[in-house]
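Me: Please take a close look at one part of the structure shown below, and then relate it to the rest of the chain. A single connected account would be preferred.

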Amino acid sequence: MAHAERAEYVCPTCGSRFPADSWLWRCPRCGSPLDLVGDAGFRRVRLGEGNTPCIESEALGAMVKLEYMNPTGSFKDRGSSLAVGAARDLEYRCVSEDSSGNAGISVAAYAAAAGMGATVVVPRTAGGPKRDLIRALGANLVESETREEATRIAQRVRECAYVGHVYSPFFVRGMEGFAGELRSCPSEPDAVVMPVASGTLLLGTYRGAREVGLDVRLIAAQARGRAPLYEAVHGRDEGPPSRLADALLVERPPRLGQMVEAVRRTGGDVASVGDEQLVAALRDLMRAGLLAEPSSAASLAAYRSLLESGSIYQSERVVLVLTGSGLKYAQSLPGILGRG
């Protein structure tokens, strides 16, 4: 594979470095997730990901980046494009992933486009329509009891490249282009508010912004009860856990230290939002014509919370990131919004 010698895996924890000519997703020495640095020359699998619209919403009082208009309806396509492409370049014939839904759909689609097999492990709580889409795309769907068990199973699928977005250095690297696209918004933003679980988009935006010289505050929206970044920055997360934010279920993200750095070094913040806030935000997104999934409504809910607390100023130009499509929730949305 051409140019692999120009890239390295780097462990941010112990400093170990490894050539990017073999498949690694965590440090062989200390077990930490790896970063990918340099030009690996890996080819992406392309389905038209990226360059999503960024619009001004007068109804919401902010700009909105429509990441749900990626090919499989979520921002995860940015990472899948590179992760699956790299696995193909390194001559794997199949990939494995653990997911609550969106990443599994994305990996299944990109594996199909690459002519590769895919095994996707989902917790039993994953939504039925998302499971159906994973199967329809030709992936082998495996169910687990918990999200944590799904990770363990996916990591052990024999002869497949594990592309799990929680760990994969390729997923984070694939997100970096998002930052440059923010310059195509109606005005260059002062702050970006995004839902955060494993932190791939947050970290990709942080690194990509430094590459293109974009000075922007990164603000993370997390689901109450599953808010490790919030707790690392602000302390204990109080209140009943969210049941609606099913795409934000990572309790122990392995890149948590890097996520804290991204927030603090950009002068950003973190908000934890509950279901009452999510429903109100989701209802207003729909009224604004924005068909987002419940977890995406965390962006608007966090924006409002931090406006009220003064962490976001009324004068700031803000982009809200809508990460996933509400079309995957067509059957459940009327009930969530009280319109069933």
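Reply: Asparagine 51 lies in the loop that joins strand 3 (35-38) to strand 4 (54-57); helices (H or I, at least four residues) and strands (E, at least two) are DSSP runs, numbered from the N terminus. The model is a predicted one, in which local features need pLDDT of at least 70 and side-chain atom pairs count only at pLDDT 80 or more, while totals for chains, interfaces and linings use all residues. Residues are numbered from 1 along each chain as its sequence is written, and side-chain values use heavy atoms, with hydrogens and water left out.

The backbone of asparagine 51 has a phi near 55°, a positive value in a residue other than glycine. Its relative accessible area is 68%, so asparagine 51 is exposed (buried means under 20% relative accessible area, exposed over 50%, and partly exposed in between, with a 1.4 Å probe and protein chains only). Glutamate 91 also has a positive phi, of about 70°, although it is not a glycine. Glutamate 91 is placed in the loop between helix 1 (77-89) and strand 6. With a relative accessible area of 70%, glutamate 91 is exposed.

Serine 100 occupies the loop between strand 6 (94-98) and helix 2. Because its relative accessibility is 12%, serine 100 counts as buried. Neighbours within four places in sequence aside, serine 100 is in contact with Pro123, Ala126, Lys130, Arg147, Asp246, Ala247 and Leu249, contact meaning heavy atoms within 4.5 Å. From serine 100 to leucine 290 the separation is 190 residues in sequence and 22 Å in space, C-alpha to C-alpha.

Lys130, one of the contacts of serine 100, also takes part in the meeting of helix 2 with helix 3. Two packed helices are described by the angle between their axes and the distance between the axes. The axes of helix 2 (residues 102-114) and helix 3 (residues 128-136) come within 9 Å and cross at roughly 15°; axes are lines fitted to C-alpha atoms, for helices over the stretch in contact, and angles run from 0 to 180 degrees between N-to-C directions. Helix 2 and helix 3 are therefore roughly parallel (angles under 35 degrees count as roughly parallel, over 145 as roughly antiparallel, 65 to 115 as roughly perpendicular and the rest as oblique). Their crossing is left-handed, a term used if the near helix is turned anticlockwise from the far one by less than a right angle, whereas clockwise gives a right-handed crossing. Asn102, Gly104, Ile105 and Ala108 on helix 2 meet Lys130, Leu133 and Ile134 on helix 3. By class, this contact has four nonpolar, two polar and one charged residues; Ala, Val, Leu, Ile, Met, Phe, Trp, Tyr, Cys and Pro count as nonpolar, Asp, Glu, Lys and Arg as charged, and the others, Gly among them, as polar.

A second helix pair involves alanine 262, which belongs to helix 9 (residues 256-265). Alanine 262 has 0% relative accessibility and so counts as buried. Beyond its neighbours within four places in sequence, alanine 262 is in contact with Leu202, Leu203, Tyr206 and Leu218. The C-alpha atoms of alanine 262 and alanine 220 are 9.9 Å apart, with their positions 42 residues apart along the chain. Helix 7 (residues 200-212) and helix 9 have axes that come within 10 Å and cross at roughly 50°. That angle makes helix 7 oblique to helix 9, and the crossing is left-handed. Leu202, Leu203, Tyr206 and Arg207 of helix 7 make the contact with Gln258, Met259, Glu261, Ala262, Val263 and Arg265 of helix 9. The residues of this contact divide into six nonpolar, one polar and three charged.

In a third pair, the axes of helix 10 (residues 275-287) and helix 11 (residues 297-309) come within 8 Å and cross at roughly 110°. Helix 10 and helix 11 are therefore roughly perpendicular to each other. Gln277, Leu278, Ala280, Ala281, Leu282, Asp284 and Leu285 from helix 10 meet Ala297, Ala298, Leu300, Ala301, Arg304 and Ser305 from helix 11. This contact comprises nine nonpolar, two polar and two charged residues.

For the chain as a whole, there are 12 helices and 13 strands. Of its 340 residues, 60% count as buried. Among contacts with a separation of 6 or more, 71% involve residues 24 or more positions apart. The C-alpha atoms fill a box of roughly 50 × 45 × 35 Å, taken along the principal axes. The radius of gyration is 19 Å, which agrees with the value near 20 Å that a compact globule of 340 residues would have; this radius is taken over C-alpha atoms, and the globule rule is 2.2 Å times the number of residues to the power 0.38.
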